[in-house]
Amino acid sequence: MASIHDVAKEAGVSVATVSKVLNDYPDVSDKTRKRVNLAIEQLHYQPNVVARGLVKRRSWTVGVLLTVPFTNPYVAELLEGIKTALENSGYDLVRLSTRFDDPHYSFIKHCRSRNVDGVVVFGVERDNRSIDELIHSDIPTMFVDMDIVGKRAGYITTDNQNAIHKGVKHLYELGHRKIAYISGTLGPSIANMRLEGYRQGLISCGLSYLTNYLEVCDYTFDGGAAAMRRLLALKDTPTGIVCASDLSAFGAIHEIEKHGLSVPQDISVVGFDNTYHAQVFKPNLTTVNQNIYSIGIKSIECLIALIENRDYSPPVIMEPSELIVRQTTGKAKLA
C-alpha cells in the first residue's frame, strides 16, 4: 500500500506539499496540484482519514437525527436525497440515537462524543430541550421542515401554507363546497402553517371555516382512517378532503371505501408529499409534491457549507410546491 512519502517521491515534491493538496490549501500552484493528484491516482493512494481530520479538525462525518420511523415513505425519500448528496462529498453519515426521556441526557454531548461535524434534524418536537441546545451551540445544523434558525443552524422546508391552499382551490374548482381537512398533530409550526393554508384557501374561495370539518391525526395511515371515520359520521358529510400527508390520505381513502363509497365519484381526496406510493396506490393519489428528494440533497449541501465555512450564514430555504393531479379527485356530485 502506497504511503504519503511514495506520493511525494513520485510527484517530485515534499510530503508537506502533498499534505497541502490533500487538505485543499490554496498556496499550491495548479501545476503542482495536478502532478500530486496524478501521483495519488497512479499509486492508488488512500489518505488516512483520521490524520486528515486532525489537520482540519474534522471527522468527515455528519449525523442525522430522526424520530420518525425509517419505514415512513417521506423519511425513505429524504434519506435517499441525503445519501445522494453525500456520495462524492467525502463525508459519511451516522444515525444519532436519542434518549429524550432521560432528564440527564444531553444531545450536544452525544454529538461531541460521536465527533460529528454537523447534524441534520427532522421530526423532533420544537420544544424539545435538545433543539434549544443545538440552536445555541456551535454545531452546524440543518433542520428539515422545522423553521428554526440559530447561531450555526438553518432550515429547509416547503411552502406549506401555499401548498395546502392549492389543494383547497383545486377541489373548489371541481365544484366542491364542503371541503374538510385532516391535519397533522397541531403545535409544530409546519402543521400550523398547513392549517392556515386550509383556512386561507376556504376564505379565498368564499367558503366558511367549520370546526367540525377539521380532524387531527398523526400523519399515519391508521390516523387518517380514524379521522375519516369521524368525518363520515357527520350529518353533512364533506365531498372533498385535503390531507396533511399521503399516508393519512391513503387511510382516509381506505375508510371511504370501507363505507361503500367511491373515490373520487363520491368523495375526492388530496394528499401531501408526493411519495413514490402516491403513484402506485390505486387509485393514483392527487397530492402536493414537496420535492422530498431535493430537500434531502439541499439539506446536506447547506450543512457542508456551514461546516466548511464559518462565515457562511445559516440558510433559510423555502422549496416551491406543486399540485400533482391524478385519480383521487373529480367533479363534485350535484346536490
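Two exercises with worked solutions follow, on a helix and on salt bridges in a predicted model. Residues are numbered from 1 along each chain as its sequence is written. Local features need pLDDT of at least 70 and side-chain atom pairs 80 or more, while totals for chains, interfaces and linings use all residues; side-chain values use heavy atoms, without hydrogens and water.

**Exercise 1.** Find which residues of helix 10 are buried and what they pack against.

*Solution.*
1. Locate the helix: helix 10 covers residues 221-232. Helices (H or I, at least four residues) and strands (E, at least two) are DSSP runs, numbered from the N terminus.
2. List the buried residues (under 20% relative accessible area, 1.4 Å probe, protein chains only): Gly223, Gly224, Ala225, Ala226, Ala227, Met228, Leu231 and Leu232.
3. Find their partners by contact (heavy atoms within 4.5 Å): strand 6 (179-183), strand 7 (214-216), strand 8 (240-243) and helix 11 (246-258).

**Exercise 2.** Describe the salt bridge between Glu255 and Lys258 and the burial of each residue.

*Solution.*
1. Apply the criterion: a side-chain nitrogen of Lys or Arg lies within 4 Å of a carboxyl oxygen of Asp or Glu. The Glu255 and Lys258 side chains meet at 3.9 Å, N to O.
2. Place the pair: both residues are in helix 11, 3 residues apart, and so about one helical turn separates them.
3. Compare burial: Glu255 is buried at 2% relative accessible area, whereas Lys258, at 56%, is exposed (over 50%).
4. Extend the pair: Arg229 joins Glu255 and Lys258 in a network of salt bridges.

How values were computed:
The expected span of a helix is 1.5 Å times one less than its number of residues.
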